Amino acid sequence: MPVIQIDGQEYEVEAGQNVLQAALSLGLDLPYFCWHPAMGSIGACRQCAVVQYLNADDDRGRIVMGCMTPVADGAIFSLEGDKARGFRESIVEALMLNHPHDCPVCAEGGECHLQDMTVMVGHRDRHYRGKKNTHRNQYLGPLINHEMNRCITCYRCTRFYRDYAGGTDLAAMAAHDHIYFGRHEEGVLQSEFAGNLVEVCPTGVFTDKTLVKEYTRKWDLQSAPSVCTGCAVGCNTMPGERYGKLKRVHNRFNAEVNGYFLCDRGRFGAGFVNSDKNLEFPGLRLTDGRFDALDHHAALMRMTTACHSGKVAGIGSPRASVESNYLLRLLVGAKNFAPGFSDAEQPLVELAFSLQQNSPALTPDIQTIESADAVLVLGEDLTNTAPRIALALRQSVRNKAYEMAAELRLQSWQDAAIRNLAQTMRSPLFIATTANTRLDDITEDRVSLSPDNIASLGFAIASLIAGEPVDEIDQALLRRAEVIATALRGAQRPLVLSGTSCGSAVVMQAAAQISQALCKADNRSMLSLVVPEANSLGQAMLTGATAPTLSALSKRAAAKEFDTLIVVENDLYRRGPKEIVDALLANIPNVIVIDSMDNPTLSASSLALPAASFAESEGTLVSMEGRAQRHFPVFVPAHERRSSWVWLLACMKELEIEEVSNLHHFDDVTRACASQIVALSGITGAAPDHHFRNVGVKVPRQTHRYSGRTAMHANISVHEPKQPTDEESPLAFSMEGLNRSQPGSLLPYVWAPGWNSNQSLNKFQSEVGAPLKGGTAGARLLLPTAGSVNRGMHKSNFTSAKLQSGQWIMVPRYRIFGSEELSAKAPAIAELVDSGFVEINNVCAQSLGVIEGDGVELQRADPQVQSDMLKAPVATLQVRINDTLAEGCVGYSAGLSGTEDIIVGEPLALQKAQGWQRPSPQIIGTDGGSNV
Amino acid sequence: MWTILQHSFTASETVEYPEQQPYLAPRYRGRIVLTRDPDGDERCVACNLCAAACPPDCIALQQGVREDGRWYPEFFRINFSRCIMCGMCEEACPTNAIQLTPDFEMCEYNRDSMVYEKEHLLISGTGKYHDYNFYRVSGLAINGKDKGQAQNEAQPIDVKSLLP
Ligand code: SF4
Ligand code: SF4
Ligand code: SF4
Ligand code: SF4
Ligand code: FES
């Protein structure tokens, strides 16, 4: 490792770094703006100036940019030298020339990197006498606020938005000092990752609009380490609370998962926690259908009584924690416990689990996905089903560029140079889906195929790689397969990505076979399967492949097998056709539903118990890569809201169930689950238990500057209540404790002296951009089964469903905003959620005689009657023309209103809807850009 | 002995309070008020700096955004039973909104009555500082003051122009 001299002191540093990285990694304070650990250097802001000396005799030195200067053995630098200090101070002064002097009304204030750096360089007085440039702001949608006057032209925003996230509608515009960062016209930012601008921009130009409306400064937020429940990726988050309301979600760095970035569903979708539809008290249904509020004890007694008969069924939920599901399963017995998937989804998730469990291929984390140098995606529209992975794939295609750079011995942080060098050269990415995706611009080839044809393509690729004869397929498809097989075989780290979202088991099997064939060829490949929800995989691990489905339970309910049904955090009406769910609920006399927010299932219950949301409770979730991660309560739930596991455990104690007699704490439940369920045995490693102390003290949820403690409750009583204690975790609901060097799973917020912004993260990392000092959060439960390459590859021995004329296969089209149940209820996201629709291609449109905006009726043929005449209407939806849809497929907006009764992959007949009202064009609101 | 005797001839500093009221300078640190700007609008922008500066943490407020674009406190509460009249909040306030006054006579029989909400704190005048108006200085546009109209600001740039 090279040794460099900084201000007379010798340091050993990592080779290949630049001076700024090296200095920050050493714990020195060197101001910077434009450099970002995930995006490299471009030397735009000139803030990181240091003095470099030629040799020991050189006493003048010259100013160089720290972020653009590689470290070299024996190099001599000075951070403190007057020349560098003066230069850095004058740079801040220059950057601040046009600053609008509005920190008190800026949502960045108190966590502003510009404030921090200004203080760090010691700049105070503005000497320039001229007038300040001003700009008009733009309306950028309901999520992001724009205040252009605060810009320091560091270019981080466009570099993130365009270069890193592939967005096209935000750019640096205008000439010289008129430079403007915005859209060519007002309108909603199109990128699904636009929310990261809030954290990437070092100033208050881009701020969180949902926060600005009812703003709280960073120092006043009570935060806890949490996990996003938006999808199965399991990004790590730090939600912040004040006055009992969730105010905002920030990224929590996890080197292996989300790194520095979240998607907008995760960042803005947690607003549902503040919903006015939240349940606050237990409710008992009266004969007239209304609910009567009960107190906690009375509700518990009712629940216990209902469970006494022993004829109890349970329906868990892939959005509830492992612990809640485990307890419910224990209470009702494995054969009476349905995991809460839809009938179509359940075998798919179980398959995803078993394929990955038995695969010799590596199940990659996101960091590893970014390192893939050839990627094949089968059937997943990743931007809408696992958004953060789509962002990772945008980085993976740059591996070609890094390869080219390495040949020229360019350091990987030379961002502008490498982009120039590579131009449009990319590592190969192939996508086969039912229609276009948001990644199409970086693919080598994307093809629209029906799910069965995607599988055929996959099997052909597998056969080609394995050198086996290929089944008969279409010539054009075969040629594609050959190209893809060659690319994958030629790669060092090939990755095959697929998942449950197109509703086809064979597609996933094909993906598994490709990765297996690759492994067999040279033992290197990765297989990643996307599952739908935050704990889908955990649920499959808990129940295995033998769990009853929803309709199996429904049948047994019809035979009056059950007296009581307990549903935990699940809206069954999103899981199956209305008739089946109605019948299920009607056939069981006591329906107990534990959930945080009102929904149709809850309204149909006889006893409703208020559950704490993810932000008010602890729980373990297993992400799609098999990473068990813990989320901790950010704040104490109000009223009678309690975590589902608390309700269940209390009920089981009342019932004197033997297995729970020794369970008192959350950790006891986790441990019991780990010891009972083999696949989940690693979950105790997700985070330290409640005995853990950080150098003898707890980890505080509040910053040391948390204000208003003696006034915030004074309107209720002037006698300050005791701070709530947290018996279940090593975190404290107070400012007491130590937020430093703790395990990564216990990081509630980042702050370091002189570093108030999120850039203080570098003080928590082992070196800049590297894993946290306390280790990476989460415990991996899926490890590749060494060397066990499965021989008996089942070839494409599936028969595709034969379509009758006039029928189309229903393929789901997911939406990042709207397809997920809870995030769609966050007010800001709700503004972006479309109403349900079907997508059809031109051929289909012509045959139906419809155009964009018309309505079509979807009809299901009655299986009993072989006549065209008897078709049951399933839904009537608005038409969107999308000519990229595969032949024979019709897309429907999965998860959006109006599409609940469509079953994925089923063939339906379409007919132009009569009397359909074309919707009037939407008017997008604008505030003229002047306010806030 | 001599010193004590000397003292018997010096004038007494003690006054017969409450019959006799002492003179208190305007900068005396007593009951806290929220003031208005010269145009009569609420000065406080709910920036939370006073609350952060407050040693006994006895200020709590919540920011909101008004229709006209101004930030304002939805509620503003001071728990005077905790306040130590240190004046840190006044020092921290970037808008001169929060000010201490020479009034110290605020005893109550009931501690609950020592909790002042915004309606108790907000006065109709400018207090000690008569001229300062935060929004005239800072660049945030509000109704009635557009971009380019704050202190030392040029007219908004036409981004489509290539002229120097
Ligand atoms: S960007 Fe930073 S320095 Fe500028 S107004 Fe906002 S908080 Fe203040
Ligand atoms: S808007 Fe923010 S990120 Fe973009 S150039 Fe300006 S200061 Fe930098
Ligand atoms: S990718 Fe998924 S887990 Fe990550 S932030 Fe987005 S919704 Fe949340
Ligand atoms: S410091 Fe001043 S402007 Fe800021 S919240 Fe306090 S009183 Fe209001
Ligand atoms: S951080 Fe080095 S020039 Fe901007």
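**Figure 1. The interface between chain B and chain A in this predicted model.** About 4200 Å² is buried between chain B and chain A, and carbon and sulfur atoms give 53% of that area. Buried area is the accessible area (1.4 Å probe) that the two parts lose on being put together, summed over both. Chain A puts 55 residues into the contact, and chain B 55 residues; contact means heavy atoms within 4.5 Å.

**Figure 2. A salt bridge between the chains, B:D146 with A:R136.** The closest N and O atoms of this pair are 2.9 Å apart. Between chain B and chain A the count is 4 salt bridges, each a side-chain nitrogen of Lys or Arg within 4 Å of a carboxyl oxygen of Asp or Glu.

**Figure 3. The surroundings of ligand 1.** Residues with a heavy atom within 4 Å of the molecule count as near. Among them are A:H99, A:C103, A:C106, A:C112 and A:R150. The shell has 4 nonpolar, 5 polar and 3 charged residues.

**Figure 4. The largest nonpolar core, with 142 residues.** Such a core joins buried Ala, Val, Leu, Ile, Met, Phe, Trp, Tyr and Cys residues through side-chain atoms within 4.5 Å, buried being under 20% relative accessible area (1.4 Å probe, protein chains only). A:I514 is one of the residues that touch the most other members; A:I514 touches A:L376, A:I461 and A:L488, among others.

Residues are numbered from 1 along each chain as its sequence is written, and chains are lettered from A and ligands numbered from 1 in written order. Local features need pLDDT of at least 70, side-chain atom pairs count only at pLDDT 80 or more, and totals for chains, interfaces and linings use all residues; side-chain values use heavy atoms, without hydrogens and water.

Note on methods:
Buried < 20%, exposed > 50% of the residue type's maximum accessible area, 1.4 Å probe, protein only. Nonpolar A, V, L, I, M, F, W, Y, C, P; charged D, E, K, R; others polar. Lists of a residue's contacts leave out its neighbours within four places in sequence.
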